[in-house]
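Visitor: I should like to learn how to read a structure of this kind. May we go through it feature by feature?

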Amino acid sequence: MTDEAPASTPDTSSKKDGEIVISVRGLKNSFGDQIIHDGLDLDLRRGEILGVVGGSGTGKSVLMRSIIGLQTPDAGEIEVLGENMIGRDDVEAKNIRRRWGILFQNGALFSTLTVAENVEVPIREYFPFIKPPLLDEIAGYKVAMSGLPADAGPKYPSELSGGMRKRAGLARALALDPELLFLDEPTAGLDPIGAAAFDELIENLKQRLDLTVFLITHDLDTLWAICDRVAVLSDQKVVAVGTIEELLALDHPWIQEYFNGPRGRAASAGLKKGHRGA
Amino acid sequence: MGEDPTRRDDQGGGDNVYRVVGALTITRAASTQREIDAMDDPLTIDLSEVERIDTVGAWLVHRAVRDRHAEVTGETTQSRQLLEQVAEADRPVRVRPDQRAAPLRALEELGDWVAEAGKTLVGLLGFLGATVISFGIIVTRPRRFRLNAVVQRFDLVGVRALGIIGLMTFLIGIVIAQQGAVQLQQFGAEVYTINLIGRISVRELATLMTAIMVAGRSGSAFAAQIGTMKITEEIDAMRTIGVSPTEALVVPRMMAAVVMMPLLSFYAMIMSLLGGGIFVWVALGIPPLTYIQRLQEVVPITDLWVGLIKAPVFGFIIALAGCFQGMLVEGNSEEVGTRTTAAVVQSIFLVIVLDAVFAVFFSNVGWI
C-alpha cells in the first residue's frame with residue numbers, strides 16, 4: 001500500500017485501509033439478447049487505485065454505471081460504502097452520491113456554465129447555505145488543485161482543450177471532497193505528456209485527499225504508474241484481480257496478450273527505466 | 001450529515017482561541033465560517049480535537065491564516081497536509097467572465113446584434129449562392145445526383161406528413177364551414193358557405209397551413225440534423241473526404257421541400273374541402289353532389305394556381321432557413337436548440353410575409 005499518511009492520527013478512526021468500500025456480487029447486465037455481465041464479482045478496498053481493464057465491449061463503463069446507479073442491473077448485489085445500492089430511492093441514494101465524485105469520459109461538463117460554475121453545481125446542490133463568496137473561493141481552489149491555470153475558471157467548456165476539459169471534470173468530481181472517485185478513461189485522448197501529468201495528479205490527490213479510486217482505462221502506462229491493483233474484465237466477469245506482477249503470472253490468454261503485447265512491454269520497460277533513472 | 005461538533009471559544013488569557021471539535025468539513029462550512037468571522041483578532045485556531053477534516057475545512061483555516069494572520073495549533077499530519085494542499089492551490093481564480101457596466105453592455109449588445117444580423121444576411125446570400133452552384137453542378141453532372149438521399153427526404157418531408165396535415169386541414173375545413181354558416185345564416189345566405197370554404201381553402205389556407213406544418217416538422221428537423229452533424233464534426237469529415245455538404249445535405253432537403261410542398265398543399269386543399277363538404281352536408285343538408293357542382297361554379301381555376309404557385313416558394317424558404325441555421329451551429333449542444341428555434345421562427349415569419357406579397361401580386365394581375 002502506498003498510503004502512508006494517516007497513520008497515528010486520531011482523525012481517521014473510521015477509515016481503515018483495506019476496508020471494502022465497493023462490493024459487487026453476482027452482477028448480471030444485459031441489453032436485449034446481449035449479455036454484458038454474468039456473475040461478476042468485484043471488491044474495491046479503501047485507499048487503493050483499482051484499474052479496470054478489458055477489451056472494447058466487455059462492459060467496463062456498464063460496470064461503472066451499475067455501481068453508481070445509472071443502470072439497473074438484471075441481478076446481483078452492489079454495496080457502496082456499506083450501503084446497498086440496488087432499489088434505493090433517490091432521497092436515500094443522495095447521501096451516498098455526496099460521498100463520491102465521477103469523471104465521465106468526455107468530462108460531461110455543463111456547457112452553459114463556466115468551469116468554476118460547473119464545480120459549484122454539486123456544492124450548491126448539497127450545501128445551499130454556503131454563501132456565494134465562499135462558494136467562489138472553494139470553486140477557485142478546486143480549479144487550481146486540478147492543475148488548471150487560473151484563467152480557466154471563467155472559461156466555458158467549449159473554449160477548453162481536451163486535456164483541460166478532463167481536469168475541469170476532475171475539479172467538479174472533487175467538489176464535495178469525495179471519499180470515492182470514479183474515473184472513466186481519464187487519459188484517453190490526451191497526449192503522452194498530458195496523460196503522464198494527469199496520472200501524477202491523480203496519484204498526488206489520492207495521497208493527500210485520502211481518495212479511493214475506481215479507474216477504467218486502456219492506458220498501459222497509467223496501469224503501471226499508479227494502479228495498486230488491476231481487475232481484468234473478460235468473458236462477462238472479472239477473470240482476475242491483483243497487481244500487474246500477479247496478473248502476469250496467470251495463464252490467461254487475454255491478460256498475456258494485453259500485458260505482453262508490444263505496447264504492454266514498452267509500457268513496463270518505460271516504467272522500469274524511469275525507476276532506475278530516479 | 002448527522003454529527004454536530006461542539007466548539008469552545010476560550011476568551012480568557014488575551015488570545016481568542018477557536019477550538020474545533022469533531023468534524024471540520026464542508027457539512028459545517030457555513031457555520032464554521034460564521035463562527036470564525038465572529039471571533040476577534042488575534043485569533044488562534046486549535047485543531048487538536050478535529051476528528052475529520054476535508055479541503056473545505058482546511059480552506060477556512062487557511063483563509064483565516066492568510067487574511068487575519070491567525071495562528072494554528074495542534075494540527076495533525078493529515079490536517080497539515082490538507083492545509084499545505086489548499087495553500088498551494090490558493091491562486092486568484094475568477095468564476096465568471098468579466099461583466100461590463102450596464103449602459104456600456106447595452107451598447108455592446110446592440111453593436112453585436114447589428115454585426116450579427118449583417119453577418120447572417122451576408123452568410124445567407126453566400127449560402128444561397130452555394131446551393132445554386134450545387135444545383136448547377138448536379139444538373140450538369142447528373143451522376144452526382146443522390147437519388148437515395150432525395151427519395152428518403154421525399155418520404156420524410158412528404159409522405160410522413162400526410163397524416164397530420166390531412167387531419168389538420170380537414171378540421172380547418174370544418175371550422176371555416178361552421179363559422180361561415182353561423183354568420184351567413186343570419187341573412188339566409190348559408191349557401192354562400194360553399195364559396196367561403198372553396199375560395200379560402202384553395203387560395204390561402206391550405207398552402208399556408210401546410211407551410212407552417214412543414215416548417216415545424218421538417219424545417220426544425222433540417223436545422224437540428226445539420227446542426228448536430230456540425231457539432232459531431234461529421235460535416236468536417238465530409239468536406240475532407242471530398243463530399244460537398246451542400247450537395248449531400250442541403251440539396252436533397254431543398255428539393256424535398258420544394259417538390260413536396262405543392263403536392264402536400266394540393267392534398268391539404270382536398271382535405272379541407274372534404275371537411276367543409278361533410279359539415280355542410282350534415283349541418284346544412286347540402287348533398288355532396290350539389291356541393292361539388294357549386295364549388296366548380298364559384299372557385300375559379302386561378303385560385304388553384306395561386307395556391308400551388310406559392311407552395312414551392314414557401315418550401316424553398318423553409319428549407320433555406322432550416323439548412324442555413326443548421327450550418328451556423330457552432331460549439332455546444334445548446335446552440336442546436338437556439339438555431340432550430342430560429343429556423344422555425346424565421347421560416348414561418350418569412351412565409352407569412354411572402355404570402356402577403358403574393359396576395360397583393362395576384363390581385364394586381366387580375367386573378368381575383
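Guide: Let us begin with a definition: two residues are in contact if their C-beta atoms, placed from the backbone, lie within 7 Å. Please keep in mind throughout that this is a predicted model.

Visitor: Among contacts in chain A between residues at least 6 apart in sequence, what percentage join residues at least 24 apart?

Guide: The share is 67%, counted among contacts in chain A between residues at least 6 apart in sequence. Chain A has ten helices and ten strands, and 44% of its 278 residues count as buried.

Visitor: How should I read the pairing of strands? Which way do β1(A) and β2(A) run, parallel or antiparallel?

Guide: One looks for bridges between two strands, and at least two are needed for a pair. Strand β1 (residues 20-31) and strand β2 (residues 34-45) of chain A run antiparallel and are joined by nine bridges. Within this pair, I20(A) faces R45(A) of β2(A). The two strands form a hairpin with two residues between them, and G32(A) in the turn has a positive phi of about 60°.

Visitor: To which other strand is β1(A) joined by five bridges?

Guide: That strand is β4 (residues 75-80) of chain A, and it runs antiparallel to β1(A). Here V24(A) is the residue opposite I78(A) in β4(A). As a general idea, the side chains in a regular strand alternate between the two faces of the sheet.

Visitor: In what order do the six strands of the open sheet of chain A lie?

Guide: The order is β6-β7-β8-β3-β9-β10 (chain A), with mixed pairing. β6 (100-103) and β10 (237-242) of chain A stand at the edges; each has a single partner strand, so one side of each is left without a neighbour in the sheet. On average, neighbouring strands of this sheet are turned by 15° against each other, direction ignored. At one edge, β6(A) runs parallel to strand β7 (residues 180-184) of chain A, and four bridges join them. In that pair L103(A) stands opposite L183(A).

Visitor: Let us turn to a helix. How many residues of α11(B) are buried?

Guide: The count is 20 of its 28 residues, and α11(B) is thus described as mostly covered. Helix α11 (residues 301-328) of chain B reaches 42 Å from its first C-alpha to its last, close to the 40 Å expected at 1.5 Å a residue.

Visitor: Why is L128(B) classed as partly exposed?

Guide: A residue is buried if 20 or more other C-beta atoms lie within 10 Å of its own, and exposed if 12 or fewer do. L128(B) has 13 such atoms within 10 Å and is therefore partly exposed. L128(B) belongs to helix α4 (residues 102-140) of chain B. Its C-alpha atom is separated by 7.6 Å from that of L320(B), although the two residues are 192 apart along the chain.

Visitor: How many residues does each chain bring to the contact between chain A and chain B?

Guide: Chain B brings 33 residues and chain A brings 33 residues. On the side of chain B that touches chain A, α3(B) gives the most, with six residues. The residues of that side divide into 14 nonpolar, eleven polar and eight charged.

Visitor: Where in chain B does pLDDT stay under 50?

Guide: Residues 1-5 of chain B stay under 50. Where pLDDT is low, the predicted coordinates should not be read in detail. Chain B averages a pLDDT of 89, with 96% of the residues scoring at least 70. The model scores ipTM 0.74 and pTM 0.69.

Note on methods. Residues are numbered from 1 along each chain as its sequence is written. Chains are lettered from A and ligands numbered from 1 in the order in which they are written. This is a predicted model: local features need pLDDT of at least 70, side-chain atom pairs count only at pLDDT 80 or more; totals for chains, interfaces and linings use all residues. The expected span of a helix is 1.5 Å times one less than its number of residues. Ala, Val, Leu, Ile, Met, Phe, Trp, Tyr, Cys and Pro count as nonpolar, Asp, Glu, Lys and Arg as charged, and the others, Gly among them, as polar. pLDDT is the predictor's confidence in each residue, from 0 to 100. Axes are lines fitted to C-alpha atoms, for helices over the stretch in contact, and angles run from 0 to 180 degrees between N-to-C directions.
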